[in-house]
Amino acid sequence: MIAEALGGSGRLAVLTGAGISAESGLKTFRDPGGLWQQYRLEELATPEAFRAHPERVLEFYNMRRAKLSEVHPNAGHVALAALERRLEERFTLITQNVDDLHERAGSRRLLHMHGELKNVRCVRCAAVVPWTAALRLGDRCAACQGQLRPHIVWFGEVPFFLDDAIPAALAGATFLSIGTSGTVYPAAGFVAAVKAQGGLTAEVNLEPSANAELFDLQVLGKAGEVLPTVLEAIGGAQAPA
Ligand code: BV8
Ligand code: ZN
């Protein structure tokens, strides 16, 4: 059983993808009806797209930022926050998601490797600024007057925390992947990195991911239904810190 396997006194690194927010009402990217079936990724989620059609790109992220006020964390987000409170510094949550549902559920040891919808960034001085309204062309950085852009890692850009916090979280840890298709690198390579160090790997996903063969354990099901039981059992099986 996954809980006994993941229990113990070691550290746990969790990677989440769009699947964990699906039951909250946010679209995934690659499932039927997902964002990349409705829109062309190349026209919205690349630096080239922002240079060529800035208004179109800003509108896409404005729409997704506005949607956040209509959704709430689900039982999967809540279960992860509860496990964090139990494991404390032995726990790290790495998310590819740009929504804010993990933090609203109470997660704090959280790394947004692909950025956050609720922040924007200056293209000139890289200052990061909280932003809840629509972002318009002409909205400028208060410090240097540079154009503000979504604080999102687009395809071809380097994700955050790869130099320090993510390798530290993965080193010697057990790895649990939740609700991600395993198609976007470097995140899709984390499971191989953990396995190369001898760590145990598990995934919770609706369907097997593209790199399913790299997981020692697999639980197929909806994150919001599976995680409360599985994570409670993992927390219970952990030795005290
Ligand atoms: C980089 C932000 C260099 C914007 C995103 C060829 C081969 C290999 C790699 C490449 C290649 N060509 C290019 C690359 C690199 C490229 C890449 O991987 N491309 C792929 C597509 C081939 N990667 C990059 O460009 C990255 N940068 O490589 O920099 C570098 C790197 C390291 C060191 C030095 C240099 C940048 C990638 C960041 C891209 N940004 N988006 C936005 O949000 O608008 S990626 C986008 O996909 C999302 O942000 C998301 O984070 C990411 C992953 O998607 P998933 O979360 O997995 O979602 P998906 O829909 O695919 O899957 C959902 C899953 O949930 C499914 O499995 C489904 O079954 C499951 N599910 C559904 N419902 C539920 C559920 N599970 C549980 N419960 C449910 N209820
Ligand atoms: Zn600036």
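This report covers a zinc site, a helix, a cavity and some local backbone features of a predicted model.

Local features need pLDDT of at least 70, side-chain atom pairs count only at pLDDT 80 or more, and totals for chains, interfaces and linings use all residues. Residues are numbered from 1 along each chain as its sequence is written, chains are lettered from A and ligands numbered from 1 in the order written, and side-chain values use heavy atoms, without hydrogens or water.

**Zinc site**

The zinc ion (ligand 2) has four protein donors: Cys122 (SG), Cys125 (SG), Cys141 (SG) and Cys144 (SG), lying 2.2 to 2.4 Å from it. Donors are N, O and S atoms within 2.8 Å of the metal (3.2 Å for Na, K and Ca); water is not among the atoms, so sites may look incomplete. The 4 donor atoms subtend angles of 94 to 116°, so the arrangement is tetrahedral (four donors, all angles between 85 and 135 degrees). Along the chain the donors follow the spacing C-x2-C-x15-C-x2-C. Cys122 in strand 4 and Cys141 in the loop between strand 5 (128–130) and strand 6 are 19 residues apart, a link between distant parts of the chain. Helices (H or I, at least four residues) and strands (E, at least two) are DSSP runs, numbered from the N terminus. Both Cys122 and Cys141 are buried. Buried means under 20% relative accessible area, exposed over 50%, partly exposed in between (1.4 Å probe, protein chains only).

**Helix 6 and Ser24**

In helix 6 (residues 54–67), the buried residues are Pro54, Val57, Leu58, Phe60, Tyr61, Asn62, Arg64 and Arg65. Their cover includes helix 3, helix 4 (41–44), helix 5 (47–52), strand 4 (115–122) and strand 6 (148–152). Ser24 sits in the loop between helix 2 (19–22) and helix 3 (35–38). Its relative accessibility is 12%, so Ser24 counts as buried. Leaving out residues up to four places away in sequence, Ser24 touches Val71, His72, Pro73, Asn74, His77 and Leu101 (contact: heavy atoms within 4.5 Å).

**Backbone features**

Two residues that are not glycine have a positive phi.

| Residue | Phi | Loop between | Relative accessible area |
|---|---|---|---|
| Gln145 | about 70° | strand 5 and strand 6 | 46%, partly exposed |
| Phe161 | about 70° | strand 6 and helix 9 (165–170) | 34%, partly exposed |

The peptide bond from Tyr185 to Pro186 is cis, with omega near 10°. Pro186 lies in the loop between strand 7 and helix 10. Most residues other than glycine have a negative phi, and most peptide bonds are trans.

Definitions and conventions. The expected span of a helix is 1.5 Å times one less than its number of residues. Four donors count as tetrahedral if all angles lie between 85 and 135 degrees; four count as square planar and six as octahedral if opposite donors are over 155 degrees apart and all others between 65 and 115; anything else is irregular.
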